[in-house]
Amino acid sequence: GVMVAAKSGVHANVSKGSIVSGIPAIPHKDWLKASIIFAKLPKIYGELRDMKKKIVEIYEKIFPDEGQQ
């Protein structure tokens, strides 16, 4: 048999013995990992934005004449 979590969207055949969840349905372990990452996205995005600003500052110090044409 197959186990499908509640409110999952199964759009194709699922292999025998599979456990799936999510929309679209994916292997349950992958869905658990993805849901943990999804909850962390705002923090990750903020960190990425801060790193981008720091990289631009460093780049401008290393190449002060770049972009001034």
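A residue counts as buried when its relative accessible area is under 20%, as exposed when that area is over 50%, and as partly exposed in between. With these words in hand, the predicted model shown above can be read step by step.

Following the chain from its N terminus, one meets the elements in the order β-β-β-α, which amounts to three strands and one helix. The strands are E1 (3-4), E2 (19-21) and E3 (26-27), while the helix, H1, covers residues 28-62.

The overall form can be described in numbers. Along its principal axes the C-alpha trace spans about 65 × 20 × 15 Å, and the radius of gyration is 22 Å, whereas a compact globule of 69 residues would have a value near 11 Å. Contacts tell us about the arrangement as well: among those with a separation of 6 or more, 0% are between residues 24 or more positions apart. Buried residues make up 9% of the 69 residues, and the chain exposes about 6400 Å², of which carbon and sulfur atoms supply 63%.

Two places in the loops deserve a careful look. In the loop between strand E1 and strand E2 lies Lys7, whose phi is near 65°, a positive value in a residue other than glycine. The side of this residue open to the surroundings can be judged from its relative accessibility of 80%, so Lys7 counts as exposed. Further along, in the loop between strand E2 and strand E3, sits Pro24, and the peptide bond that joins Ile23 to Pro24 is cis, with omega at about -5°.

The charges come next. The chain carries 11 positive and 7 negative side chains, and the centres of these two sets lie 17 Å apart. Side chains of opposite charge can pair when their charged atoms come close. How many salt bridges does a search of the whole structure find? The search finds one, and this salt bridge is formed by Lys43 with Glu47, their closest N and O atoms being 3.1 Å apart.

Where do the two partners, Lys43 and Glu47, stand in relation to each other in helix H1? They are four residues apart in this helix, and therefore about one helical turn separates them. Their surroundings can be described with the words defined at the start: Lys43, with a relative accessible area of 60%, is exposed, whereas Glu47, at 38%, is partly exposed because that value falls between the two limits of 20% and 50%.

How values were computed:
Residues are numbered from 1 along each chain as its sequence is written. This is a predicted model: local features need pLDDT of at least 70, side-chain atom pairs count only at pLDDT 80 or more; totals for chains, interfaces and linings use all residues. Side-chain values use heavy atoms; hydrogens and water are left out. The radius of gyration is taken over C-alpha atoms; the globule rule is 2.2 Å times the number of residues to the power 0.38. Buried means under 20% relative accessible area, exposed over 50%, partly exposed in between (1.4 Å probe, protein chains only). Contact means heavy atoms within 4.5 Å. Accessible areas come from the Shrake-Rupley method with a 1.4 Å probe; for residues, only the protein chains shown count as cover. Lys and Arg count as positive and Asp and Glu as negative; His and the chain ends are not counted. The place of a charge is taken as NZ of Lys, CZ of Arg, CG of Asp or CD of Glu. A salt bridge is a side-chain nitrogen of Lys or Arg within 4 Å of a carboxyl oxygen of Asp or Glu.
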